[in-house]
Amino acid sequence: MALAILVNTFAMAVTLHGTPQSRSPLVNWFAIEAGIPFTMAPPRPSNHPFDQVPFLTDDGGVEVFESGACLLYLADKYASSSAEERAAWTPWVVWANSELDGLCFGAVPGDHRVRGESMSKPEVRSVGRLDQILGGREWLVGDGFSVADAAVASYLNYVPIFHRGADLSKTPNTVQYMLRCAERPAFGEAFGAQHQALVVAKCNEWLSAGAGAGASGGGLLGALGLK
């Protein structure tokens, strides 16, 4: 399903408290993609119960914290046409916050320090399964970019930023997906040109490395003498 644009009749009401160094750019990215007008505000003061960012406000006294919740609110209000549509993208946003976060950052509940990444390990069940899923589709939901992609690709594309030694060459479908997302103009607008350029360069490096390994008979089949 292509990303629905239902916001032309709405005045600018959304305000997002955040910083480029936080996870607020992933909310910016979806808002830009969906054509949702918004205003950036300093990270503090805000009514975030834990004094963090991102924190979103909207008309009618709406207040939302947590990046995934902000994404779902924007998608539900400004880009949704049915409960069935929301049911398709909601699990991906929740999965990004609950599991992909740990795979990309090594985070633990209550401690958001970057500890390491598991995306270089296709033997990890979720890493390998995600690569399989992305081998059969261009976007996570339907035939177009959606809030599900904003959530999942944002986390994935932090990996080359925080983990310069990561090697995702063994999951080429995931890397191709990361590259598709990172090359979108709205991604660069939200995360910055330098962030975008680094992700694109690293994805191309991983794809080249993977292609080279395949050509030289690398991997399990090569080790068994079957390629």
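1. Let's start with M119. Beyond its neighbours within four places in sequence, M119 is in contact (heavy atoms within 4.5 Å) with L100, L103, C104, V127, L130, L156, V159, L168, T171 and T174.

2. Bear in mind that this is a predicted model, with local features needing pLDDT of at least 70, side-chain atom pairs counting only at pLDDT 80 or more, and totals for chains, interfaces and linings using all residues. Residues are numbered from 1 along each chain as its sequence is written, and side-chain values use heavy atoms, leaving out hydrogens and water.

3. On confidence, the protein chain has an average pLDDT (the predictor's confidence in each residue, from 0 to 100) of 88, and 85% of the residues score at least 70. Residues 4-10 are below 50, with 16 contacts in the model beyond near neighbours in sequence. Residues 215-227 also stay under 50, and the model gives them nine contacts beyond four places in sequence. Where pLDDT is low, don't read the predicted coordinates in detail.

4. Back to M119: along with W29, F30, L74 and L100, M119 has the most contacts inside the largest nonpolar core, a set of 63 residues. Such a core joins buried Ala, Val, Leu, Ile, Met, Phe, Trp, Tyr and Cys residues through side-chain atoms within 4.5 Å. Helix α3 (residues 83-105) supplies the largest share of this core, nine residues.

5. As for the fold, the protein chain has 10 helices and four strands (DSSP runs: H or I, at least four residues; E, at least two; numbered from the N terminus). From the N terminus, the order is β-α-β-β-β-α-α-α-α-α-α-α-α-α.

6. Buried residues (under 20% relative accessible area, 1.4 Å probe, protein chains only) make up 47% of the 227 in the protein chain. Of the contacts between residues at least 6 apart in sequence, 67% join residues at least 24 apart.

How values were computed. Buried means under 20% relative accessible area, exposed over 50%, partly exposed in between (1.4 Å probe, protein chains only).
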